[in-house]
Every structure is written in C-alpha cells, then in structure tokens.
Amino acid sequence: MARSSAAGLPIAGRRGNPIAGMKDTGTKLSSALPLTEVLVVADCWQAEPDAEAVIHRAISAAAEIADADVGEAELAVMLTDDSGIQTLNRNWRGIDKPTNVLSFPALQPTGSATSDDVARMLGDIAIAYQTTRKEADDEQKPFDHHLSHLAVHGFLHLIGYDHEKDDDAETMENLEQEILAQLGIPDPYADRVD
C-alpha cells in the first residue's frame, strides 16, 4: 500500500474542515464510540454496498485495540472518488494527484470550552474509490480487506500515530496488523519488499 496521509493538517473542529458541508448520504451508528459518520459523496461507491459497514467495523476494532481515548468523540469518513481526493490532496497537501486515503485530525478546542459545550471531534478521513479498487486488484486482495486497512490507517492518524520516522512507522504498522488480524484480515505488509 502506498503510504499517503495528511496527518497534522490545520483544521479546527468543523471550521475549515474539508469534509464539513458535504451532502450526507450515509448513516450514523450510535452503538460503539467513537461516533462514526460515513458520507458517501461519489456514485462509484454504489459498486460496494457494504462499504459503510466495513468502515464502521474497522473503526470500532481500531478504537478498541488501540485503546484510544475516544469516549464521546466523533469522526467523519468521506467515501469519494479520485477527482474529489485529488482536490483535497492539492488543496491541503500541495500534491496534485489522487491518493487512497487522507486523514485530517481536528485541532482540539482550547480556552473555556468544556466537554459539555461541544462534542470532541477526532477529525475526518477521505477514501477514494478508484485508487482503492486499483490497489486491491493489483495486490490481489479482497476490496473489503483493503478498505478496512485504509480506514484503520486513517483512524490511527486521527489519534496521533504517524509513519514519518522508521520507528513510528514500525509501531503504526504493527498496530495495523494487530487490528486487521482481529478482523480476520491477513497482514497487508506480508508481501512487501523493503
């Protein structure tokens, strides 16, 4: 999998958020925290009717296994196409090409705001259908396995994991492997040539 994410982008809560304001055609699950809203904004995702359920399952497993402090937190996952993610990638990272997944961690409120004032936003994840489909096909992986991996990868960025340094990358990849194993998904890095 190509390592592509936009961890650390400057957004504050929902203001300036690249996903806020998108048409919500997804559903909210209110069972497990964090509250994950899936927004389907590209028709190409109709080819994968289970995508929302795959996302919810992956995020729930990641939150549990990563032992993240995500109580009463919210995040949004936008299922878009290559054109939509290319726009996000260009606008937020200065890279004018599509990618598989982007993560936009939310800046936490400072000052007098309390947890009763506003829901704690973890941030947003965007996943592009065509790039995800091509990678899954090229790597001969089931689409839902690759989609799960990208959702987990994006979520881990939202809770502070990164892969800029080798040690951090190893920590993050090991956690991804553990989470995906819990979901019954083989190690996505097993065939990688270093």
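**Figure 1. Burial across the whole chain.** Buried residues account for 46% of the chain's 194 residues. The model shown is predicted. Its secondary structure comprises five helices and four strands. Read from the N terminus, the order of elements is β-α-β-α-β-β-α-α-α.

**Figure 2. Strand β3 and its cover.** β3 spans residues 101-105. Five of its five residues are buried, so the strand counts as mostly covered; buried here means under 20% relative accessible area. Cover is found on both faces. Val101, Ser103 and Pro105 occupy one side. Leu102 and Phe104 occupy the other.

**Figure 3. Pairing of β3 with β4.** Strand β4 covers residues 120-128. It runs antiparallel to β3, and five bridges join the two strands. Phe104 of β3 is a residue to locate in this view. Which residue of β4 stands opposite Phe104? The partner is Asp124. Phe104 itself is buried.

**Figure 4. A patch of negative charge on the surface.** Five residues gather here: Glu164, Asp166, Asp167, Asp168 and Glu170. Together they form a negatively charged surface patch.

**Figure 5. Asp168, one member of the patch.** Asp168 belongs to the negative patch and lies in helix α5. That helix takes in residues 166-182. Is Asp168 buried or partly exposed? Its relative accessible area is 35%, so Asp168 is partly exposed. Patch residues need over 30% relative accessible area, and Asp168 therefore clears that cut-off.

Key:
Residues are numbered from 1 along each chain as its sequence is written. This is a predicted model: local features need pLDDT of at least 70, side-chain atom pairs count only at pLDDT 80 or more; totals for chains, interfaces and linings use all residues. Side-chain values use heavy atoms; hydrogens and water are left out. Patches are made of residues with over 30% relative accessible area and no salt bridge: like charges are joined within 9 Å, nonpolar side chains (Val, Leu, Ile, Met, Phe, Trp, Tyr) within 5 Å. Accessible areas come from the Shrake-Rupley method with a 1.4 Å probe; for residues, only the protein chains shown count as cover. A salt bridge is a side-chain nitrogen of Lys or Arg within 4 Å of a carboxyl oxygen of Asp or Glu. Lys and Arg count as positive and Asp and Glu as negative; His and the chain ends are not counted. The place of a charge is taken as NZ of Lys, CZ of Arg, CG of Asp or CD of Glu. Buried means under 20% relative accessible area, exposed over 50%, partly exposed in between (1.4 Å probe, protein chains only). Two strands pair if DSSP finds at least two bridges between them.
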